[in-house]
Amino acid sequence: MSEFLGNTQGALAALYEILQTSVLQLFADPTQLSPNQSVVVAAPAMFVGAVLWTFWSGQRRTKVKLRAEFTPGKVYYHAPPPLKVIPCHTPFGMKLETYLRMADIPYETMYSWRMGPKGKIPWIEYNGEAMGDSGLIIEFLNREKGVDLNQSLSEADKAVSRAFTKMGEENTYWGGVRNRWIDNLDQMQELMEVSWIGMLLLRSLRVKRRRNLWAHGMGRHSKDEIEGIVEKDVKAISTFLGTKPYLMGDEPTEADAAVFGQLSEVCCAFPGSYMERLVTVEYPNLQAYFNRMKDRYWPDWGELTKTSVPLSVIEVLSSQYL
């Protein structure tokens, strides 16, 4: 029996090596694949394609499975597990959890890769119902909990606050999508601690990100044009912030959760990128602002990032939020 197991393990190891070599050859020069290598690559490729198709097409039809028991009035916050550099690898997750901390709303984090009712992450469960979209969740909780982080602002200041929030989330954010998925995808393998197979799946998801960028409109610009747009956004935030401790003044408001969410990704998850350079070199008051928010609302940052674990293939397939 031990000899049989040894032979089986050896055969599997050899097949794995052939598959890895063949896939690498596929990306390097597919014309040099031998017939045997083509067969080895084709079979798993068809399997992965079927999984992706099932996942993408079934995502819209899948209803969110809610917990059977819940504490009334408690927020159950669904987010992906922390990575080694950041507690949540999506700016909208960082925004929502920062808001919960700013507003002192009790919540329980449910680390998972399950998408919410809008097919995205983060999302929450509250009193037996699922809610998606960080902005709409914050509006709901403001009403439900009687929270108003903007109570010190004038109507004009509230308008400015909303404008900066939407600029970051509807414009600057897409520069980050381009930077992560198109220009620096290889960095995600180390950042997200995925295997080479997981990395191949991430590459397959790149096509979808290109479509998203094109549909939004940002993807219709050249790389240089996008970088120019993002730089103007970052400069605007830096100029308006100036020497103030927080975006709208001496105390943080709702906009700070959103702006901090975007900057946390830039400062921690885009190493060596032009976006990181803008924040850390060109406009250092944004780096100081990020550190100020982090120190005030995330004293457990280091503890959380120590709990990161490598992503499995299934989790990579689920990472549509990135």
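Me: How much accessible surface does the protein chain have, and what share of it belongs to carbon and sulfur atoms?

Reply: This is a predicted model, and its protein chain has an accessible surface of about 16,400 Å². Carbon and sulfur atoms hold 56% of that.

Me: What makes a residue count as buried, and what percentage of the 322 residues are buried?

Reply: A residue is called buried if its relative accessible area is under 20%. In this chain, 46% of the 322 residues are buried.

Me: Why is helix 9 called roughly perpendicular to helix 11?

Reply: Look at residues 254-269 (helix 9) and residues 284-297 (helix 11): their axes come within 10 Å and cross at roughly 110°. Angles of 65 to 115 degrees count as roughly perpendicular, so helix 9 is roughly perpendicular to helix 11. The crossing is left-handed, too.

Me: Which residues meet there?

Reply: From helix 9 you'll find, among them, Phe260, Leu263 and Cys267, and helix 11 brings residues including Tyr289, Phe290 and Met293. The residues of this contact split into 10 nonpolar, two polar and two charged.

Me: And what makes helix 9 roughly perpendicular to helix 10?

Reply: Try the angle again. Helix 10 is residues 274-282, and helix 9 packs against helix 10 at about 105°, with the axes 8 Å apart. The range for roughly perpendicular is 65 to 115 degrees, so helix 9 and helix 10 earn that label as well. Leu263, Val266 and Cys267 of helix 9 make the contact with Met275, Glu276 and Val279 of helix 10.

Me: How do you know which of those is charged?

Reply: Glu counts as charged, so Glu276 of helix 10 is the one charged residue, next to five nonpolar and no polar ones.

Technical notes. Residues are numbered from 1 along each chain as its sequence is written. This is a predicted model: local features need pLDDT of at least 70, side-chain atom pairs count only at pLDDT 80 or more; totals for chains, interfaces and linings use all residues. Side-chain values use heavy atoms; hydrogens and water are left out. Buried means under 20% relative accessible area, exposed over 50%, partly exposed in between (1.4 Å probe, protein chains only). Accessible areas come from the Shrake-Rupley method with a 1.4 Å probe; for residues, only the protein chains shown count as cover. Axes are lines fitted to C-alpha atoms, for helices over the stretch in contact, and angles run from 0 to 180 degrees between N-to-C directions. Helices (H or I, at least four residues) and strands (E, at least two) are DSSP runs, numbered from the N terminus. Angles under 35 degrees count as roughly parallel, over 145 as roughly antiparallel, 65 to 115 as roughly perpendicular and the rest as oblique. A crossing is left-handed if the near helix is turned anticlockwise from the far one by less than a right angle, and right-handed if clockwise. Contact means heavy atoms within 4.5 Å.
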